[in-house]
Amino acid sequence: MMFGALSFAQTQDIPPPKNPDTGPQINTDVGASPNLNPAPKPEDTPAATLKVNVDVVNLLFNTKDKGGKLVPDLKKEDFLVTEDGKPQTIKFFQADSNLPLTLGILLDTSYSQERVLPTEKEVGAEFLQQILRKQDEAFLISFDVNVDLLQDYTNSGRDIRAGMDAAKINGGGVVGGIPGVGEGPVPISHPKGTLLYDAVYLAAHDKLRSEVGRKALILLTDGEDVGSQLKLQDALEAAQKSDTIIYVLLISDRGFLSSGSGEGLMRKLADSTGGRVIDVGSNQEKLKKAFDQISEELRSQYSIGYTPTNDKHDGSFRHVEIKSKEGYKIQARKGYYAASGS
């Protein structure tokens, strides 16, 4: 069974491939039985989302000093905002956002992650159990030669643990696959396929796009994509249009050969959405520390809202920059897609 709502037929802003049947989908026949009808979340406030709503653009961001420490207790007057280089008037401002949080954890379960996957599962489950409050939810996806929904929206520690336990390298067995992904119809012991870009696109577009509040994806991967039908830019656009922050935890078995190109691409994905890349190698303590840093950042966000001087609803990408008058470093998304239509 495939999750029908995750097909390309639902895509509006990103052009689908010529044959929708060949588009990437999330397989839900894995692990725990997902809840496909999660309870609705509380309605958002005027500053609740990152996307442009008829008149207001809202942005979530962190502010850090030169040592990388978060700077609390700043006020609206401490910031300047420009859109496509033009100054904007800040209308809404809120510190320490308490909006509902929706998290997606994306686990790379390709063969290169075999030795580090147990650590990812253990530390990742602990992180979710600690960070999720009553109004928050999380889902879990694994990606290798397939993209699998291991656990749909939940804030249950038991469900999260069960979903993590269901994660297996390449699905847990010898896998054949699509030519170019699993190297053809003949089963092989270590099929090549890491559908990273497809997984990010599906998580952002099909899972997070309709959610409100704060949204983030955390990728545990070595950053290498093999066989995705979509490109990095498709994944990035889906994240931007769903107002999703992306964090990438670079984790891998150091003994496994890598092309070395993944880190730069992952930095583009993270930096453009207001997240960041943290290299943890194969070190469990570094992974725990990285999750702690992400938790602190997600709980210490400022929210700014403004009415853009460009009021055209033309669907174009608008470059946004937030500056601190005190020279603090701002960790924020690089822009947004304007609404389409009249």
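A residue counts as buried under 20% relative accessible area, as exposed over 50%, and as partly exposed in between. Asp279 has a relative accessibility of 37%, so it counts as partly exposed. That residue sits in strand E10, which covers residues 277-281. Its C-alpha atom lies 10.0 Å from that of Thr221, although 58 residues separate the two in sequence. The model behind these values is predicted.

Now take the chain as a whole. The protein chain has six helices and 14 strands. It holds 342 residues, and 52% of them count as buried. The exposed surface comes to about 15400 Å². Carbon and sulfur atoms supply 49% of that area. Consider next the contacts between residues at least 6 apart in sequence: 78% of them join residues at least 24 apart.

Helix H3 is a good place to enter the fold. It runs over residues 196-208. All of it is covered, with 13 of its 13 residues buried. Its length can be checked. At 1.5 Å a residue, 13 residues should span 18 Å; the end C-alpha atoms of H3 are 17 Å apart, so the two values agree.

Helix H4, residues 232-241, comes next. Eight of its 10 residues are buried, so the rest of the structure largely encloses this helix. The buried residues are Leu232, Ala235, Leu236, Glu237, Ala238, Ala239, Gln240 and Lys241. What do they pack against? Their partners are H3, strand E9 (245-251), helix H5 (262-272), E12 and strand E14 (335-337). In an α-helix there are 3.6 residues a turn, so residues three or four places apart point the same way.

Just after H4 comes Asp243, with a positive phi of about 60 degrees. Asp243 is found in the loop between H4 and E9. It is not a glycine. Most residues other than glycine have a negative phi. Is Asp243 buried or exposed? Its relative accessible area is 3%, so it is buried.

Asp73 offers a second case. Its phi is near 65 degrees, again positive in a residue other than glycine. Asp73 is found in the loop between strand E1 (57-64) and strand E2 (79-83). Here the relative accessible area is 62%, so Asp73 is exposed.

Back to E9. The loop between E9 and H5 holds Ser252. At 13% relative accessibility, Ser252 counts as buried. Which residues does Ser252 contact, leaving aside its neighbours within four places in sequence? They are Gln113, Val116, Asp222, Gly281 and Ser282. Asn283 is 31 residues from Ser252 in sequence, and the two C-alpha atoms are 9.3 Å apart.

Helix H5 follows that loop, and Asp271 has its place in this helix. At 36% relative accessibility, Asp271 counts as partly exposed. Not counting residues up to four places away in sequence, it touches Arg276, Ala332 and Lys334. The C-alpha atoms of Asp271 and Ala332 are separated by 7.7 Å, while their positions lie 61 residues apart along the chain.

Ala332 leads on to the largest pocket. This pocket holds about 370 Å³ of space. Its lining is made by 18 residues. Nearest its centre lie Lys329, Ile330, Gln331, Ala332 and Lys334. Two elements give two or more residues to this lining: strand E12 (317-324) and strand E13 (329-332). What classes of residue make up the lining? There are 10 charged residues, four polar and four nonpolar. Two residues nearest the centre, Ala332 and Lys334, are also among those that Asp271 touches.

The walk ends at strand E14, which holds Tyr337. At 19% relative accessibility, Tyr337 falls under the 20% cut-off, so it counts as buried. The C-alpha atoms of Tyr337 and Phe317 are separated by 4.4 Å, with the two residues 20 apart along the chain. E14 is also one of the elements that the buried residues of H4 pack against.

Conventions. Residues numbered from 1 in each chain as written. Predicted model: local features only at pLDDT ≥ 70, side-chain atom pairs only at ≥ 80, totals over all residues. Heavy atoms only, no water. Helix = DSSP H or I, 4+ residues; strand = E, 2+ residues; numbered from the N terminus. Expected span 1.5 Å × (residues − 1). Buried < 20%, exposed > 50% of the residue type's maximum accessible area, 1.4 Å probe, protein only. 1 Å grid on protein atoms, 1.4 Å probe; cavity = no way out; pocket = protein on both sides within 12 Å on 5 of 7 lines; lining within 4 Å. Points joined across faces, edges and corners; volume = space filled by probe spheres on them. Nonpolar A, V, L, I, M, F, W, Y, C, P; charged D, E, K, R; others polar. Contact = heavy atoms within 4.5 Å. Areas by Shrake-Rupley, 256 points an atom, 1.4 Å probe, with all protein chains shown as cover.
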